[in-house]
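I opened this model to look up a few things about its helices and side chains. My notes follow in the order I made them.

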Amino acid sequence: MLSLQETIRPSADLRNHYNDISKLCKENKEAVIITVNGRGDTVSLSYEEYKNMKARIELLEILSEAEDDVKNGRVLPINTTFDDLRSMLQEG
């Protein structure tokens, strides 16, 4: 399982030390939690980490739907699936 390191910084650091925060996000692949009045407010991630996290979430959603299909009997034999795929590829 992927574990994302986290650092907590006050909101003033976002303004005063943006380059340091950006470096933490990009080079160390850390999530930086920005606080306001001592409470978590926002999270800063590198763009790459954001894209990776979004892709993982989308994959988990697809897998969850597939698991639900299996539990509820909404499945077909694998041969039927491959036949359908072959037909689609030949048409395209």
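**Entry 1: helix 2.** I began with the outward side. On the face of helix 2 turned away from its buried side I found the exposed residues Asn19, Lys26 and Glu27. I note here that the model is a predicted one.

Next I asked which residues of helix 2 are buried. In this helix, which runs over residues 18-27, they are Ile21, Ser22, Leu24 and Cys25. These buried residues cover an arc of only 160° around the axis, which puts them on the same side of helix 2.

I then looked up what covers the buried residues of helix 2. The cover includes two stretches before the helix in my list, strand 1 (5-10) and helix 1 (11-16). It also includes strand 2 (30-36) and strand 3 (39-44).

Last, I checked the backbone just after helix 2. Lys29 takes a positive phi of about 50° there.

**Entry 2: the aromatic pair.** I looked for paired rings and found one aromatic pair in the structure. The partners are Tyr47 and Tyr50, with ring centres 6.5 Å apart. Stacked or edge-to-face? The planes of the two rings stand at 25°, and the cut-off for stacking is under 30 degrees, so the pair is stacked.

Where do the two tyrosines sit? Both Tyr47 and Tyr50 are in helix 3 (residues 47-71), three residues apart, which separates them by about one helical turn. I wrote down the general rule beside this: an α-helix has 3.6 residues a turn, so residues three or four places apart point the same way.

I also looked up how open each tyrosine is. Tyr47 has 58% relative accessibility and counts as exposed, because the cut-off for that is over 50%. Tyr50, with a relative accessible area of 42%, is partly exposed.

**Entry 3: salt bridges.** How many salt bridges does the structure hold? I found five. The general idea is that side chains of opposite charge can pair when their charged atoms come close.

I followed Arg74 to begin with. Its side chain meets that of Asp68 in a salt bridge of 2.7 Å, N to O. The side chain of Arg74 also meets that of Asp69, at 2.8 Å, N to O. Asp68, Asp69 and Arg74 are thus noted as linked in a network of salt bridges.

I checked the accessibility of these residues in turn. Arg74 is partly exposed at 47%. Asp68 is partly exposed at 38%, and Asp69 is partly exposed at 29%.

Another of the salt bridges joins Asp83 and Arg86, whose closest N and O atoms are 3.3 Å apart. These two residues are three apart in helix 4, which separates them by about one helical turn. Asp83 is partly exposed, with a relative accessible area of 45%. Arg86 counts as partly exposed too, at 49% relative accessibility.

**Entry 4: a nonpolar patch.** I ended at the surface. Which residues form a nonpolar patch there? They are Ile78, Phe82, Leu85 and Met88, and together they have about 400 Å² of accessible area.

I looked at one member of the patch, Ile78. Ile78 lies in helix 4, which covers residues 78-91. At 51% relative accessibility, Ile78 counts as exposed, because the cut-off is over 50%.

Terms used. Residues numbered from 1 in each chain as written. Predicted model: local features only at pLDDT ≥ 70, side-chain atom pairs only at ≥ 80, totals over all residues. Heavy atoms only, no water. Phe/Tyr/Trp six-rings, centres within 6.5 Å; stacked < 30°, edge-to-face > 60°. Helix = DSSP H or I, 4+ residues; strand = E, 2+ residues; numbered from the N terminus. Buried < 20%, exposed > 50% of the residue type's maximum accessible area, 1.4 Å probe, protein only. Arc of directions from axis to C-beta. Contact = heavy atoms within 4.5 Å. Patch = residues over 30% accessible without salt bridge, like charges linked within 9 Å, V, L, I, M, F, W, Y side chains within 5 Å. Areas by Shrake-Rupley, 256 points an atom, 1.4 Å probe, with all protein chains shown as cover. Salt bridge = Lys/Arg side-chain N within 4 Å of Asp/Glu carboxyl O.
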